[in-house]
Amino acid sequence: MEVKIEPGWKKQLETVWQSPQFAVLADFVRREYATKQIFPPAGKIFAAMDQCPFELVKVVIIGQDPYHGVGQANGLSFSVNPGVAMPPSLVNIFKEIHDDVGSPIPPDGDLSRWAAQGVLLLNSSLTVEAHRPTSHSSIGWEAVTDEAIRRLSAGREHLVFMLWGSHAGRKAQMIDSSRHLILQTVHPSPLSAYRGFFGCRHFSRANDYLVSHGITPIQW
């Protein structure tokens, strides 16, 4: 199947695009967009990969599924467009960054500035029905996103994988820890942030690791 996506990712995931399972997934997603309110906008489904090419990835932050509120999801995990109120988890991420590396809390929650530096903001599921969290979590997206993680693990070196919460933590088994840094803690949501996300120092630890391997750090 022809998929419009960044060329490096298109090549890396070619076996996925050509699989019968992806054809079924694509048909289902097209029907969903035609009959329901689905997020993100259809042109942003692969935004994480489009904005962060395979060969330029430095850090991977894994979310579960897109925001399900109107106007929130923009195709990047945890990110919202300028002018959209920051969700609580994103507020907590910025608080931890401020405490960890001293960066000021930004005026908006648009994380495309991270993607441009090599941060892959990848949700496990790439679509969701309005007001129905995890509604597309079992339709087949993880065949795409898990393969993306495996390809990064096998095809790149010295990446940082940030796995927050139990769902993201299950991805650790797909990553070669002898080649990459895996950082795990609880999810940044208000329900769990005080049980280990605050004070995890993932952002400074990521940059220290990158610098130690001669890689330009991220401006968080």
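## The loop between S6 and H9

Leaving aside neighbours within four places in sequence, His 187 is in contact with Phe 78, Ser 89, Trp 164, Gly 165, Ser 192, Ala 193 and Phe 197. The model discussed here is a predicted one, and in this model His 187 lies in the loop between S6 and H9. With a relative accessible area of 28%, His 187 is partly exposed. The C-alpha atoms of His 187 and Asn 92 are separated by 9.8 Å, although these residues stand 95 residues apart along the chain.

Ser 189 is likewise found in the loop between S6 and H9, but with a relative accessible area of 15% it is buried. When residues up to four places away in sequence are not counted, Ser 189 touches Ser 89 and Asn 92. Ser 89 thus appears among the contacts of His 187 and also among those of Ser 189.

## A salt bridge from the loop to H5

Arg 201 forms a salt bridge with Asp 100, and the closest N and O atoms of the pair are 3.4 Å apart. Arg 201 lies in the loop between strand S6 (181-185) and helix H9 (202-212), while Asp 100 belongs to helix H5 (residues 88-101), so the bridge ties together parts that are 101 residues apart in sequence. The partners differ in burial: Arg 201 is partly exposed, with a relative accessible area of 41%, whereas Asp 100 is buried, with a relative accessible area of 9%. By the rule applied here, the count of salt bridges comes to 11.

## Helix H3 and its two sides

Helix H3 covers residues 20-35, and its 16 residues, at 1.5 Å a residue, should span 22 Å; the end C-alpha atoms are 23 Å apart, which agrees with that expectation. Within H3, the residues Phe 22, Leu 25, Ala 26, Val 29 and Glu 32 are buried. Seen down the axis of H3, the buried residues fall within an arc of 125°, so they line one face of the helix. An α-helix has 3.6 residues a turn, so residues three or four places apart point the same way.

The buried residues of H3 pack against helix H2 (14-17), strand S1 (38-39), strand S4 (128-129) and helix H7 (141-155). The face of H3 turned away from this buried side carries the exposed residues Pro 20, Val 24, Arg 31, Ala 34 and Thr 35.

## Charged pairs on and beside H3

The side chains of Arg 30 and Asp 27 meet in a salt bridge, at 2.5 Å from N to O. Being 3 residues apart in helix H3, Arg 30 and Asp 27 are separated by about one helical turn. Asp 27, at 35% relative accessibility, counts as partly exposed.

Glu 32 forms a salt bridge with Lys 36, in which the closest N and O atoms are 3.1 Å apart. Glu 32 counts as buried at 7% relative accessibility, while Lys 36 counts as partly exposed at 38%. This pair belongs to a network of salt bridges in which Glu 32, Lys 36, Glu 129 and Arg 132 are linked.

## Aromatic pairs

The structure holds 13 aromatic pairs. In one of them, the rings of Trp 17 and Phe 46 have their centres 5.6 Å apart and their planes at 80°, so the pair is edge-to-face. Trp 17 lies in helix H2 and Phe 46 in the loop between S1 and helix H4 (47-51), and the pair thereby links distant parts of the chain, 29 residues apart. Trp 17 is buried, with a relative accessible area of 1%, and Phe 46, at 12% relative accessibility, also counts as buried.

Ring pairs also link Phe 78, Phe 94, Trp 114, Trp 164, Tyr 194, Phe 197, Phe 198, Phe 203 and Trp 220 into a cluster. Of these, Phe 78, Trp 164 and Phe 197 are among the residues in contact with His 187.

## The nonpolar core

The largest nonpolar core has 66 residues, of which Trp 9, Ile 61, Trp 114, Leu 120, Met 162 and Trp 220 touch the most other members. Two of these residues, Trp 114 and Trp 220, also appear in the aromatic cluster.

Beyond neighbours within four places in sequence, Trp 9 is in contact with Trp 17, Met 49, Cys 52, Pro 53, Phe 54, Val 57, Leu 120, Ala 148 and Leu 152. These contacts include Trp 17, the residue whose ring pairs with that of Phe 46.

How values were computed. Residues numbered from 1 in each chain as written. Predicted model: local features only at pLDDT ≥ 70, side-chain atom pairs only at ≥ 80, totals over all residues. Heavy atoms only, no water. Core = buried A, V, L, I, M, F, W, Y, C linked by side-chain atoms within 4.5 Å. Buried < 20%, exposed > 50% of the residue type's maximum accessible area, 1.4 Å probe, protein only. Contact = heavy atoms within 4.5 Å. Helix = DSSP H or I, 4+ residues; strand = E, 2+ residues; numbered from the N terminus. Expected span 1.5 Å × (residues − 1). Arc of directions from axis to C-beta. Phe/Tyr/Trp six-rings, centres within 6.5 Å; stacked < 30°, edge-to-face > 60°. Salt bridge = Lys/Arg side-chain N within 4 Å of Asp/Glu carboxyl O.
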